[in-house]
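Welcome, and thanks for opening the viewer. We will go from stop to stop, and at each one you will hear what to select and what to look for there.

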Amino acid sequence: MPLPSFGDAEGYVVCIAEDVTEYHAQQAQLQRTMEELAKSNTELEQFAYVASHDLQEPLRMVASYVQLLARRYRGQLDSDADEFIEFAVDGATRMQGLINDLLAYSRVGTQGEEFGPVSLERPLSTALQNVQVALAENGAEVTHDPLPLILGDEGQLVQLLQNLIVNALKFRREEAPRLHVSAHEEDGAWVVCMSDNGIGIESQYLARIFIIFQRLYSRQEYAGTGIGLAICKRIVERHGGRIWVESTPGEGSTFCFSLPRYTED
């Protein structure tokens, strides 16, 4: 059959070709990345098992006997011996804290609860109750706007908010800490922000603080293992969101994170 003609024009066929080589390469890379992530998570779970069973018991024994030495012999030996015992007690205590924090970090993705509707005011209230002694000791005041109903794991949201509160109390200025929690909708999600009047963070460190084991200050200046904010990041990412911070050194910081809205559909 002859091709149709349009007026005096000859009939013609239009062919469109698209090179999908790059698309398939990107898909293959994405698949490899997902496989590597799954392997990494499996290794993290295995480490958590080892840490919770094989490391905890000998460490408890070391810590117990070193603390016994400290109670029984402090002041009976020379000053060097007292100092050595103090170093050993401090090291064992910090190692226990590090293992416990690593376990908490690894369990974010392995022992979380199913997501459900959560009024964010409830986990905030629980977090405040958990740290009420520290709030009172620091003369801290925490206020908040009406908070939304979101889709999430309530236990992990308590941990997220509690870690941010403790972080604000740790990096406070001499004046009493003032914290405020607010929320607004953005791009179909809820963005929750916690503002404080603490020491603030230099701009070059804003991304670094969420990396595990990253510390901006020495242990002598501020105690801790450097895992608290990494746990916050892991919790937020499990909820499909992201976390970031805006800060002015000497004036305070605002930590923000996004959470999925709850819809009945």
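## First stop: a residue and its contacts

Select N167, and then show L229 and F255: N167 touches both of them, leaving out residues up to four places away in sequence. Keep in mind on this tour that the model is predicted. N167 is found in helix α5. Is N167 buried or exposed? N167 counts as buried, because its relative accessibility is 14% and the cut-off for buried is under 20%.

## Zooming out

Now show the whole protein as a cartoon. Its secondary structure comes to six helices and seven strands. If you trace the chain along the sequence, the pattern is α-α-β-α-α-β-β-α-β-β-α-β-β. Of the 265 residues, 31% count as buried. How much of the contact in this protein links residues that are 24 or more positions apart? Such residues account for 71% of the contacts with a separation of 6 or more.

## Helix α5, from end to end

Next, select residues 154–170, which make up helix α5. What span should you expect for these 17 residues? At 1.5 Å a residue the helix should span 24 Å, and its end C-alpha atoms are 24 Å apart, so the two values agree. You can check this with the distance tool of your viewer.

Go to the start of α5 and show the side chain of D153. A side-chain oxygen of D153 reaches to within 3.1 Å of the backbone nitrogen of G155.

Now colour the buried residues of α5: Q156, L157, V158, L160, L161, N163, L164, I165, N167, A168 and L169. Pick out I165, which lies in this helix. I165 counts as buried because its relative accessibility is 0%. Which residues are in contact with I165, leaving aside its neighbours within four places in sequence? They are L124, A127, L128, V131, L135, L179 and M194. Draw a line between the C-alpha atoms of I165 and L135: they are 30 residues apart along the chain and separated by 9.0 Å.

## Where α5 meets α6

Add residues 228–238, which form helix α6. Two packed helices are described by the angle between their axes and the distance between the axes. Here α5 and α6 pack at an angle of about 145°, with their axes 9 Å apart. Their crossing is left-handed.

Show the side chains at the contact. From α5, select Q156, Q159, L160, N163, L164 and N167. From α6, select the residues that they meet: G228, L229, I231, C232, I235, V236 and R238. How do the residues of this contact divide by type? Seven are nonpolar, five are polar and one is charged.

Stay with α6 for a moment. Its buried residues are L229, A230, I231, C232, R234, I235 and V236. Just after α6, click on G240, which takes a positive phi of about 80°.

## Two loop residues

Select I209, in the loop between β5 (189–195) and α6. I209 is buried, because its relative accessible area is 9% and buried means under 20%. Join the C-alpha atoms of I209 and L229: the two residues are 20 apart in sequence and 6.9 Å apart in space.

For the other loop residue, find D187, between β4 (178–186) and β5. Is D187 buried or exposed? D187 counts as exposed, because its relative accessibility is 77% and the cut-off for exposed is over 50%. Its phi is near 55°, a positive value in a residue other than glycine.

## Last stop: helix α2

Finish at residues 79–107, helix α2, and select D101 there. D101 counts as partly exposed, because its relative accessibility is 28%. Which distance separates the C-alpha atoms of D101 and I227? They are separated by 6.5 Å, with their positions 126 residues apart along the chain.

Notes:
Residues numbered from 1 in each chain as written. Predicted model: local features only at pLDDT ≥ 70, side-chain atom pairs only at ≥ 80, totals over all residues. Heavy atoms only, no water. Helix = DSSP H or I, 4+ residues; strand = E, 2+ residues; numbered from the N terminus. Expected span 1.5 Å × (residues − 1). Buried < 20%, exposed > 50% of the residue type's maximum accessible area, 1.4 Å probe, protein only. Polar contact = N/O pair within 3.5 Å; in protein donor to acceptor, adjacent residues only side chain to side chain. Axes fitted to C-alpha atoms, helices over the stretch in contact; angles between N-to-C directions. Left-handed = near helix turned anticlockwise from the far one by under 90°. Contact = heavy atoms within 4.5 Å. Nonpolar A, V, L, I, M, F, W, Y, C, P; charged D, E, K, R; others polar.
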